[in-house]
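What follows is a walk through one protein model, going from its sheet to its helices and its charged pairs. Keep the sequence and the coordinates in view while reading.

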Amino acid sequence: MLLAHCSLDYEQAVDTAVRILKEGGMDAIKLEGGSPSRITAAKAIFEAGIAVIGHVGLTPQAISVLGGFRPQGKNVASAVKVVETAMALQEAGCFSVVLECVPAPVAAAVTSALQIPTIGIGAGHFCSGQVLVYHDLLGMLQHPHHAKVTPKFCKQFARVGDVINKALLEYKEEVTNGSFPGPSHTPYKMNPKDVNGFSKELQRLGLDDAASAANEAAVEPEKMNMVNTGSN
């Protein structure tokens with residue numbers, strides 16, 4: 001849930017949460033951060049009967065405030081703040097808290113201090129559970145620029161990006177040379193009578209070029225089938 005929806009107007013925060021659940025088919029709302037306004041918003045949403053997940057440590061929606069994608073909780077004051085914030089979110093009614101980019105000792109302390117599960121992402125193995133962005137986990141984005149920002153904590157369990165890249169290049173090639181979409185991927189047809197009537201109606205509207213294009217498109221699949229049959 002976006003920060004702007006829960007920072008000032010708590011009634012709006014609840015309304016937005018309800019809308020997300022109804023229109024998005026969600027089961028819960030996740031709120032990043034632990035400022036007093038965020039804690040109050042979490043409590044208001046919880047008291048409205050909506051499940052809430054907290055999120056502390058690195059909060060991606062606020063990276064401009066944090067100075068970029070930087071780990072949190074690396075010194076005493078920051079580490080204590082992570083623990084206290086997580087506890088405040090639990091008190092507000094959150095059923096779970098995400099711990100992102102914090103040292104393992106901090107994650108272990110939070111997990112021990114809370115009675116609700118912690119979900120770690122770049123927080124070591126002491127959390128109750130783990131989560132990763134699946135694009136990173138599957139290696140979907142192999143571009144060098146993406147490699148520069150792939151999180152250090154993410155292990156790639158596959159290089160799906162190589163397969164995706166190969167498929168996209170083949171798609172581009174077939175679109176460029178006109179072989180895709182061919183007859184087998186152009187399934188929606190008009191019967192000849194309707195094509196003829198459509199063409200005449202276009203001509204009546206003064207769209208002679210459009211009529212010619214429609215007629216040509218109607219016979220093209222047959223031509224392509226003949227070409228494919230001949231090539232086989």
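The model is predicted. One residue serves as a way in: Val175 is partly exposed, with a relative accessible area of 41%. Val175 belongs to helix H8, which covers residues 160–177. Together with Leu168, Tyr171 and Phe180, Val175 makes a nonpolar surface patch of about 370 Å². A residue has to exceed 30% relative accessible area to be part of such a patch, and Val175 at 41% is therefore above that cut-off.

From this patch, turn to the sheet. Five strands form an open sheet with the order S1-S2-S3-S4-S5, and the pairing is parallel. S1 and S5 are the edge strands, each pairing on one side only.

Start at the S1 edge. Strand S1 (residues 29–32) pairs with strand S2 (residues 52–57) in the parallel sense, and four bridges hold the pairing. Between these two strands the chain passes through helix H2 (residues 36–47), and this β-α-β crossover is right-handed. The register can be followed residue by residue. Ile29 has Val52 in S2 as its bridge partner, Lys30 has Ile53, and Glu32 stands opposite His55.

On its other side, S2 meets strand S3 (residues 96–100): five bridges join the two, and they run parallel. Gly54 has Val97 of S3 as its bridge partner.

How much of S2 is covered? Six of its six residues are buried. The cover is found on both faces: Val52, Gly54 and Val56 are buried on one side, and Ile53, His55 and Gly57 are buried on the other.

Helix H5 (residues 104–113) can be read by its two sides. Val106, Ala107, Val110 and Thr111 are buried in this helix. Viewed down the axis of H5, the buried residues fall within an arc of 130°, so they line one face of the helix. Pro105 and Ser112, on the other side of H5, are exposed. The spacing follows from helix geometry: an α-helix has 3.6 residues a turn, so residues three or four places apart point the same way.

A contact between parts of the chain that are separated in sequence involves Ala123. This residue lies in the loop between strand S4 (118–121) and strand S5 (129–130). Ala123 is buried, with a relative accessible area of 2%. Its C-alpha is 5.3 Å from that of Cys101, although Ala123 and Cys101 are 22 residues apart in sequence.

The charged pairs come next. Side chains of opposite charge can pair when their charged atoms come close. With a limit of 4 Å between a side-chain nitrogen of Lys or Arg and a carboxyl oxygen of Asp or Glu, the count comes to four salt bridges. Three of them are described here, including one that involves the strand S1 region.

Lys30 and Glu32 form a salt bridge through their side chains, at 3.7 Å from N to O. The two residues differ in cover. Glu32 is buried, at a relative accessible area of 6%, whereas Lys30 counts as partly exposed at 30%. The cut-off for buried is under 20%, so Glu32 at 6% falls below it, while Lys30 at 30% does not.

Helix H8, already met at the nonpolar patch, also carries a charged pair. The side chains of Lys166 and Glu170 meet in a salt bridge with an N to O distance of 2.6 Å. Lys166 and Glu170 are four residues apart in H8, so about one helical turn separates them. Lys166 is exposed, with a relative accessible area of 52%, and Glu170 is partly exposed, at 41%.

Helix H9 (residues 192–204) holds a pair at another spacing: Arg204 and Glu201 are three residues apart, which also amounts to about one helical turn. Arg204 forms a salt bridge with Glu201, and the closest N and O atoms are 2.6 Å apart. Arg204 counts as exposed at 60% relative accessibility, and Glu201 is partly exposed, with a relative accessible area of 36%.

Notes: Residues numbered from 1 in each chain as written. Predicted model: local features only at pLDDT ≥ 70, side-chain atom pairs only at ≥ 80, totals over all residues. Heavy atoms only, no water. Patch = residues over 30% accessible without salt bridge, like charges linked within 9 Å, V, L, I, M, F, W, Y side chains within 5 Å. Areas by Shrake-Rupley, 256 points an atom, 1.4 Å probe, with all protein chains shown as cover. Buried < 20%, exposed > 50% of the residue type's maximum accessible area, 1.4 Å probe, protein only. Pairing = 2+ DSSP bridges. Right-handed = clockwise from strand over helix to strand, strands pointing away. Arc of directions from axis to C-beta.
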